[in-house]
Amino acid sequence: MNREILFKAWDKFDKKFYKVESIKFNCFEEIKNITVFVHDSLCKSYVKNHNAEENNINALILCEYTGLEDKNGVKVFENDILQLFDTIGNLSDKVTVKWNSETACYEVFQLNGNHYSFDVRCAIRSCEVIGNIFDEEVR
């Protein structure tokens, strides 16, 4: 199975997404380190245990690309909110995309409090990305 490995990163301080350019794991030296490089109009890096809180790796939430696209060709990432449509095109539920480590796949979970989930691949043909869990107005 070939798919693009892409990430976007939510910056908790800037309150916006950045495209992740690279992730560097430095695990062979005495001080273990992870550095995430993001790009907007200028490059920014986040480092584990950085003394400036806004540049600490904990300021980021990484969202992985699922390898799927919605009905409009928009790439679907972890933590996206999808608008589902029923079989005749009427609005249905809003769901969020999450990784389920027990089933080893991305699943969608309802936002309205119901706790059932299903494999995101089943819903992808009849959904539209309308935001992400960090968008207050979408939830």
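**Reading cores, burial and phi in a predicted model**

Q: What does Ile 130 count as at 30% relative accessibility: buried, exposed or partly exposed?

A: Partly exposed. Buried means under 20%, and exposed means over 50%. At 30%, Ile 130 therefore falls in between. Keep in mind that this is a predicted model.

Q: Where is Ile 130 found?

A: In strand S11, residues 127-132. Now look across the chain. Ile 130 and Ile 81 are 49 residues apart in sequence, yet 5.9 Å separates their C-alpha atoms.

Q: How do I read a nonpolar core, and which residues make up the largest one?

A: Start with the general idea. Nonpolar side chains tend to be buried together in soluble globular proteins. Here the largest nonpolar core has 10 residues. They are Leu 68, Val 76, Leu 82, Leu 84, Val 95, Val 97, Tyr 106, Val 108, Ile 124 and Cys 127.

Q: Which elements give two or more residues to this core?

A: Three strands do: S7 (80-85), S8 (91-100) and S9 (105-110). Another core, of six residues, lies apart from it. Val 20, Val 36, Val 38 and Leu 60 are among its members.

Q: Which phi values should I check?

A: Look for positive phi in residues other than glycine. Asn 79 has phi near 75°. Asn 79 sits in the loop between strand S6 (75-77) and S7. Ala 104 also has a positive phi, about 55°. Its loop runs between S8 and S9.

Q: Why does Asn 79 count as buried or exposed?

A: Asn 79 is buried because its relative accessible area is 6%, and the cut-off for buried is under 20%.

Terms used. Residues are numbered from 1 along each chain as its sequence is written. This is a predicted model: local features need pLDDT of at least 70, side-chain atom pairs count only at pLDDT 80 or more; totals for chains, interfaces and linings use all residues. Side-chain values use heavy atoms; hydrogens and water are left out. A nonpolar core is a set of buried Ala, Val, Leu, Ile, Met, Phe, Trp, Tyr and Cys residues joined through side-chain atoms within 4.5 Å. Buried means under 20% relative accessible area, exposed over 50%, partly exposed in between (1.4 Å probe, protein chains only). Helices (H or I, at least four residues) and strands (E, at least two) are DSSP runs, numbered from the N terminus.
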